[in-house]
Each structure stands twice: as C-alpha cells, then as structure tokens.
Amino acid sequence: MTDTATPIEFPGYKAGTWTLDPSHSEVQFSVRHMMISKVRGTFGVKSATLTAPENPLEATVEATVDVASIDTKDEGRDNHLRSADFFDTETYPTMEFRSTGVRIENGDFLVDGNLTIKDVTKPVTFDFDFGGFGTDPWGNYKAGATAKAVINREDFGLTWNAALETGGVLVGKDVTIELDLQGALAA
C-alpha cells in the first residue's frame, strides 16, 4: 500500500477538474451465457468528473451511467435487461460510482469506491491504468485511462436466471466491467 501523503509522479499530470469525453469513452461488460460463452455489451456514460488535486492519490471521481442505453447487439435481450427482471430502468435509470480512495498496491493503481445499481450500493475496486496525457488539435488537454473490475451481479439485486437442462444456469454471476476513458481538463 502507498502512503497518500507522499505524492506520486505521472508525467503530464495536471491538477484540476477533468470531465469525461463521452464520444471517446465507453463502459463495456461481459458475463457468461449458458456457461459456455460470453455475452458482451456496452452502456452510455451520462457524466463523469475527476477532481484531481496536486497529489493523484487524493483524486476523487463521480460517474453516472445511463442504464437504458444498454446494447448487447440483440434488441430482445436488451429489452429484457431493461425490464424489472434485471435493471428495471423505468425505476432505476442510472448506475452511479463514487470513489472513496485511490491507492497503489503491489505496483497496481487501484480506485476504490461505491457502485450503486438499483438502489443497492456495494464497494468495488477498479484496477486503473493511465494511458497518458496530451493536447488535441483544438488545444484541449486530454487524459486517457482504462479500468477493470469484476462484480457479482446478484449482490446488486440482479438475480434473474434460468436453469439449463444440461445443468448450470443461463446467466453467470460474475460480470466483468471494463472502462475505456478519455477526459478533458476544464478550462
């Protein structure tokens, strides 16, 4: 574990408020289907803000995802996922993440926080990887990163399933969440 009182160095890092660029960012997920393959899908990000002080280990992030934007490339499945069997998007239109801490452990950069799905909030840790920093052709200072976590969907009230004749179930419990993010430093 790293002491947050000792700043770490990221070449190009700038303190300030960073906002997500949704056209260059994506929330992806995958889950086992029939225990033999994976279904992959995406969500649209409504908003995300990173407050970055001088010490990156004191940064905070808040993000909101539009659950109704789910896309698994199958309209029937997407509609089922939007229904009360899963996300119940009419009652719970968003998922939210609020960080509670940033740390380095065994050389990995980790972002701890609370993930809320369907009014159920649970702690989640994302393995975070900075892609770098740079200025785009219009003078905007950008940062890129990826993050990954695995959650048990049943912990968040997403318990619908169907037994298979051959044994096992239709939908796996573990969901891998992967984020591809790009943000801009607010002027």
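A polar contact is a pair of N or O atoms within 3.5 Å, where, within protein, one atom must be able to donate a hydrogen and the other to accept it. In this predicted model, D112 offers a handy place to start. Its side chain makes such a contact with the side chain of R103, at 2.6 Å, and another with the side chain of T125, also listed at 2.6 Å. D112 sits in strand β6, which covers residues 108-117. With a relative accessible area of 17%, D112 counts as buried, because the cut-off for that label is under 20%. Setting aside neighbours within four places in sequence, the residues touching D112 are F97, S99, T100, G101, R103, V124 and T125.

Now for the rings. The structure holds eleven aromatic pairs. One of them joins F109 and F130 in a tilted arrangement, with 5.3 Å from centre to centre and 55 degrees between the planes. This pair ties together distant parts of the chain: F109 belongs to strand β6, while F130 belongs to strand β7 (residues 120-135), 21 residues apart. F109 is buried at 10% relative accessible area, whereas F130 is partly exposed at 25%.

F133 and Y141 make up a stacked pair, with centres 6.3 Å apart and just 5 degrees between the planes. Here F133 is partly exposed, at 23% relative accessible area, and Y141 is buried, at 15%. Y141 also has K14 lying over its face, 3.9 Å from the ring centre. Both pairs feed into one aromatic cluster, made up of Y13, W18, F109, F128, F130, F133 and Y141.

Conventions: Residues are numbered from 1 along each chain as its sequence is written. This is a predicted model: local features need pLDDT of at least 70, side-chain atom pairs count only at pLDDT 80 or more; totals for chains, interfaces and linings use all residues. Side-chain values use heavy atoms; hydrogens and water are left out. Helices (H or I, at least four residues) and strands (E, at least two) are DSSP runs, numbered from the N terminus. Buried means under 20% relative accessible area, exposed over 50%, partly exposed in between (1.4 Å probe, protein chains only). Contact means heavy atoms within 4.5 Å. Rings of Phe, Tyr and Trp (its six-membered ring) pair if their centres lie within 6.5 Å; planes under 30 degrees apart count as stacked, over 60 as edge-to-face and the rest as tilted. A charge sits over a ring if NZ of Lys or CZ of Arg is within 6 Å of the ring centre and within 35 degrees of the ring normal.
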